[in-house]
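Colleague: I am new to this model and would be grateful for a close look at one part of its surface. Please then place that part within the rest of the chain.

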Amino acid sequence: MLELNNLVSEQLGLIIVGTALLFILILIWNIVQGSKLKKMRRKYEIMMAGAGVENLETLLIDLKVQLDSIEDEQGDQQRQLQSIQKLLPKQKAKIGIKRYNAFNERGNELSFSIAFIDSQQDGIVLTGIYNRDGSYVYAKPVVKGESPYSLSPEEKDAIHLAEQEV
C-alpha cells in the first residue's frame with residue numbers, strides 16, 4: 001500500500017494537471033454547445049414568432065393534416081378527370097356548316113347543312129331548306145360518317161368539314 005501511496009504522490013502533479021486540462025476542455029465544449037443552442041433557440045423563436053403556434057410539433061401536425069386533406073382532394077380530382085376523359089370522345093364537339101342556295105334561284109344561300117359529330121364520326125346532320133314558299137328542317141343520324149338515309153352533297157360536305165375540325 002505504501003508503494004501505491006508513493007506512486008500516487010509522485011504522479012499527483014500530473015494527475016491534477018491532467019484533470020484540470022480535462023475540466024477546462026469540458027468547460028470550453030459546454031460553452032460552445034451552449035452558444036450553438038442559444039443561436040438555434042433564437043432562430044426557432046424568430047421562425048415561430050408569426051406562426052401563431054406555441055411549438056413546432058403542433059405546427060407540423062397541422063401541416064400534416066392539411067397535406068392529407070389536399071392529397072384526398074387531389075385524388076377526388078384525379079378520379080373526376082378520368083371520368084371526364086372517358087366521356088370526352090363521345091361528345092359531339094366537331095361541327096361543320098355548309099351554306100348554299102338549294103334551288104338555284106336568286107337568293108343569298110339561305111339553305112344550310114350542319115353536322116354535329118364526335119371523334120368516331122357519330123352524330124347528326126341538320127339541314128334547313130329555304131325556298132319562297134317556306135323553310136323546312138330535316139335531321140338525319142350519322143354513324144361512322146354515313147347515314148341510313150341518303151345524304152345530299154351539301155350534307156356530305158358538312159360532315160367532311162366537321163371531320164377536319166381539330
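Which residues make the nonpolar surface patch of about 700 Å²?

Modeller: The patch is made by M1, L4, L7, V8, L12, I15 and I16, and covers about 700 Å². The structure is a predicted model, in which local features need pLDDT of at least 70 and side-chain atom pairs count only at pLDDT 80 or more, while totals for chains, interfaces and linings use all residues. Residues are numbered from 1 along each chain as its sequence is written, and side-chain values use heavy atoms, with hydrogens and water left out.

A patch takes residues with over 30% relative accessible area and no salt bridge, joining nonpolar side chains (Val, Leu, Ile, Met, Phe, Trp, Tyr) within 5 Å and like charges within 9 Å. Areas come from the Shrake-Rupley method with a 1.4 Å probe, and for residues only the protein chains shown count as cover. One member of the patch, L7, belongs to helix α1, which spans residues 2–49. With a relative accessible area of 46%, L7 is partly exposed; buried means under 20%, exposed over 50%, and partly exposed lies in between (1.4 Å probe, protein chains only).

The setting of this patch is the whole chain. Its secondary structure comprises three helices and four strands, arranged from the N terminus as α-α-β-β-β-β-α. These elements are DSSP runs numbered from the N terminus, with helices (H or I) of at least four residues and strands (E) of at least two. The C-alpha atoms occupy a box of roughly 140 × 35 × 25 Å along the principal axes. The radius of gyration is 44 Å, whereas a compact globule of 166 residues would have one near 15 Å; the value is taken over C-alpha atoms, and the globule rule is 2.2 Å times the number of residues to the power 0.38. Of the 166 residues, 16% are buried. The chain exposes about 13500 Å², of which carbon and sulfur atoms supply 61%.

Charged pairs come next. A salt bridge places a side-chain nitrogen of Lys or Arg within 4 Å of a carboxyl oxygen of Asp or Glu, and the count comes to four. One of them joins D76 and R79, whose closest N and O atoms are 2.3 Å apart. Because these two residues are three apart in helix α2 (residues 56–87), about one helical turn separates D76 from R79. D76 is partly exposed at 38% relative accessibility, while R79 is exposed at 51%.

Another salt bridge joins D157 to K98, with 3.9 Å between the closest N and O atoms. D157 lies in helix α3 and K98 in strand β1 (residues 94–100), so this pair ties together parts 59 residues apart in sequence. D157 is partly exposed, at 35%, and K98 is partly exposed, at 27%.

The side chains of K140 and E155 also form a salt bridge, at 2.9 Å from N to O. This pair links distant parts of the chain, since K140 is in strand β4 and E155 in helix α3, 15 residues apart. Both K140 and E155 are buried.

K140 also leads to S147, which has contacts with K140 and P141 once neighbours within four places in sequence are set aside; contact means heavy atoms within 4.5 Å. S147 sits in the loop between β4 (134–142) and α3 (153–164), and is buried at 15% relative accessibility. Its side chain reaches the backbone oxygen of P141 at 2.7 Å and the backbone nitrogen of Y149 at 3.2 Å.

A further loop, between β2 (111–117) and β3 (123–131), holds Q121. Q121 has a positive phi of about 65° although it is not a glycine, and is partly exposed at 27% relative accessibility. Beyond residues up to four places away in sequence, Q121 touches V142, V143, K144, G145 and E163. The C-alpha atoms of Q121 and V142 are 7.2 Å apart, with their positions 21 residues apart along the chain. The side chains of Q121 and E163 make a polar contact at 3.0 Å, a term for a pair of N or O atoms within 3.5 Å; within protein, one must be able to donate a hydrogen and the other to accept it, and residues adjacent in sequence count only if both atoms are side-chain atoms.

Across the chain, among contacts between residues at least 6 apart in sequence, 36% join residues at least 24 apart.
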